[in-house]
Amino acid sequence: MNLIKKYQKTLLLPFAIGFTFFCLLLETLKYPGFIGNHFYIDAKVYFAVAITLLLFLDTKQKSANFVLRVNRILLVPIFLVYFGFALAEGAHFTNYVLATYHFHLDGLVFVPLFSLSIFVTEKFKDIVPKTIGKIGLVYPLMVFLLVFFMVKNITYVSDTAFNRNSYILFHLRDNYDDKMFYQWQDFYRFMVFVRNNTPTYANIVVSPMQDPWLIGTGNPHFVRAFLYPRKIIQEEKIIPDLSVFGPNTFILISWGKEECKPEGCHGWPRQNIQAKKITYKDPDSEKVIETKENAVYRLEDDQYVYGIIEL
Amino acid sequence: MIFSIIFILLISLGVGLPLVLLLIPKQHPVATMASSYLIGIGLFTFAMFLVNLAGFRFSLVNESVLLFAISAPLIFIKKKEVKEFFIHAFYLVKKAHFSTVEKWCLGFLVFIGVSSLINTLYWPVSLWDSLVLYDFRAHIFAASGFMKEAFIDNYYTGYPLLTSLAHTIVYIMGGEYPQFLHSFFYLSLGAGFYGFLREFVSRKTSLFFTVILLIVEPLFYHSLISYTNLAYTVYLSLGAISVYLWDKKKERGYLIVSALLVALSTWTRSVEPFWLGVFIVVFIVATYRKKFRDILTFTLFFFPIHEAWKVFQFSLTEKEASTVGEIVGYAKIILSVFDPGRWLLVGEYLYTYVVTPWGTIFAVFIISTILMLILRKLRKFFLSFFITFTLLGVLVLGTFAFSIGYAGTLAIGDAAKRLSMLFYPLFIFCIALVMQELVKIKK
């Protein structure tokens, strides 16, 4: 490895470490992937190059030793800063850090991880052979590719673990419904509303499987998952014959979430229906906001996103 | 919730552990623990399925009796070995002295393992496929006591029942959050991989490559949710690696464990034909070594589990789904491979959705393969590469076959990404073997 010997006495290693820190900080301020998008080579590549160089080059020279010492001093404060922001995000809402402090938490995670990687690599350094005669440069290439693979994955795993754990830490008292609401938002509340306002033996009529109801009431399997043991019946855009439904049949009123064409395509059912009772869901909870008895349901009178029509 | 966790651990210790000790008494304890969970939960859910078909409802009492009925004789037979296993494991932990590097690796493994568990114990099942299908079936099984009510249309019969029945156990025991089972699959993957690799490399190397495996993005992500892909990956990859151990260690127990693990992969997901790849390797190795009885052994332990679901599925859907039909179907497709245009499409699809997400680990695997072929000292690892390439062949041919059978296959990239997860343990296993040997050459 003459190449390594040749560059041993240069400032290559300290420069690589310093430059990588700079790139990672820049990506924290701009966005993860910024370097790759504007300068063709991703910051993760510099990360992996710096770690590979650290594995193969001598660190006893003054400049390298200085950089490594600075890194050791900064490691804990950098981690504490990251933890602080990760906890702030968990305590508030997703993207709180971006909205409040205008930098990317998923970019910031690279900085402490790079610092930690340098620290750990120093410990690994002595057990990794520097050369393997027969295969020449293939060996450092393999090491570099492995390091790059680790960098790519470890940043995702660490970021996900820290963020999810900090969210959990600040939401320990959440119950099952709170957690499901976090995942499915108002649709989950609508399902709870239907469960609370229909008997378990009810027939539930749902909108057709098309936009704008696809991810919602338009998928009978999805609705069944929430409303079992109620029987789910899927209907067309215009229900051909309402008289086929017996007692204990409820039609779900659903505005629909996705975009659709032509204009005015939102809202279901799309025909007038003589109802025994119409119950509308409060937009901010799973509670009832309004009921109408012995009324005719008309789409044009509809003021709410979700409700049920009892036939 | 605590009762469901205890019950799952009892299944591992009462069913899996004595069975694994019966098959491979001298296996590394960490691998034994991993196999105990995988084989325990897999075979127990299979027993639940059979007992339910016989007319016994899913209930706390019935599952407890079933657990007792299976585990009591097994523990009675292997009582001494189970006791010795725990003494040995305790001794290993007590006497272990870890180097700084090993401590770092262990620390990181604990961090990601605990993070996965914290998340799965906190979050309910909420992602679409699981909520609507795998977990929903479990809710109905637990509520109604029988399977029939869940299978109202073909949507619910498309996948076998391992994960659904495992969730059923949690619900029957009063639990609300069954996703921790998937963290256990993830931990079993790490432990099994470590134990299997440890048979050939140093503790340090084994720990280091286990870290590389467990930080793989899709594997970690799938440990937080309750899809079937992670469980499938764990069963199939460890089953395939067991074939390598069977040949190297000359112990038939590894072959039986392999047959069980691969069979249980088809009890998790039955559409993918990777089991065929493992079966082909076993057939070739057994023929080459003139151990023809081993083909029969593998068949005896693999096919009953694989066939049971096929027959049951056929009884529900009345669609031809026999194994013979499945193999004839693949053969028919192999006959129609002379379509360069389709090959190009399949190649592009695999490159975009499989090779690119694999990233540089695939490049390292290819370099390792070339080194294995060039350097005489590395050729002893040929079988591990042969297993991986056979499964890669199944992936290519399988994608080709699906592109003919289902027109929309090449439009869905996410499924291929999830499916190709199973290659990470195989790639990393091969790379670890090669790297360790390269370092030895240096010394």
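In chain A of this predicted model, six strands form an open sheet whose order is S2-S1-S3-S6-S4-S5, and the pairing within that sheet is mixed. The strands at the edges are S2 (231–234) and S5 (288–297) of chain A, and because each of them has a single partner strand, one side of each is left without a neighbour in the sheet. From one strand to the next, the twist averages 25°.

The mixed character of the sheet can be followed by taking its pairs in turn. Strand S1 (residues 203–206) of chain A lies parallel to strand S3 (residues 249–254) of chain A, and three bridges connect the two; for A:Asn203, the bridge partner in S3(A) is A:Thr249. Two helices pack on the sheet. One of them, H10(A), touches S1, S3, strand S4 (273–281), S5 and strand S6 (306–310) of chain A, and its direction makes about 25° with that of S6(A). The other, H11(A), touches S1, S2 and S3 of chain A, and its direction makes about 160° with that of S2(A).

Further along the sheet, S4(A) pairs with two strands. With S5(A) it runs antiparallel, and eight bridges join the pair; here A:Ala275 has A:Ala295 in S5(A) as its bridge partner. The connection from S4(A) to S5(A) is a hairpin that passes through six residues. The pairing of S4(A) with S6(A) is likewise in the antiparallel sense and extends over four bridges, and in S6(A) the residue that partners A:Lys277 is A:Glu310.

Some of the loops of chain A hold backbone features that deserve a look in the structure. The peptide bond that leads from A:Tyr228 to A:Pro229 is cis, with omega near 10°, and A:Pro229 sits in the loop between H11 and S2 of chain A. This loop therefore runs from a helix that packs on the sheet, touching S1, S2 and S3 of chain A, to a strand that stands at an edge of the sheet. A cis peptide bond is also found from A:Lys261 to A:Pro262, where omega is near -5°, and the place of A:Pro262 is in the loop between S3 and S4 of chain A. A:Tyr40, which is not a glycine, nevertheless has a positive phi of about 70°; this residue belongs to the loop between helix H3 (34–39) and helix H4 (43–56) of chain A.

The remaining part of the picture is the contact between the two chains, to which chain A gives 51 residues and chain B gives 55 residues. The area buried between chain A and chain B is about 5,100 Å², and carbon and sulfur atoms give 78% of that area. Between these chains the count of salt bridges is zero, whereas 13 residue pairs, both residues at pLDDT 80 or more, are in polar contact. On the side of chain A that touches chain B, at least two residues each are supplied by helix H8 (110–124), helix H9 (138–169), helix H10 (176–197) and helix H11 (220–227) of chain A. H9(A) provides the largest share of this side, with 21 residues. Sorted by class, the side of chain A that touches chain B has 35 nonpolar, ten polar and six charged residues. H10(A) and H11(A) are thus met in two settings, since each packs on the sheet and each also supplies residues to the side of chain A that touches chain B.

Definitions and conventions: Residues numbered from 1 in each chain as written. Chains lettered and ligands numbered in written order. Predicted model: local features only at pLDDT ≥ 70, side-chain atom pairs only at ≥ 80, totals over all residues. Heavy atoms only, no water. Contact = heavy atoms within 4.5 Å. Buried area = accessible area lost by both parts, 1.4 Å probe. Salt bridge = Lys/Arg side-chain N within 4 Å of Asp/Glu carboxyl O. Polar contact = N/O pair within 3.5 Å; in protein donor to acceptor, adjacent residues only side chain to side chain. Nonpolar A, V, L, I, M, F, W, Y, C, P; charged D, E, K, R; others polar. Pairing = 2+ DSSP bridges. Axes fitted to C-alpha atoms, helices over the stretch in contact; angles between N-to-C directions.
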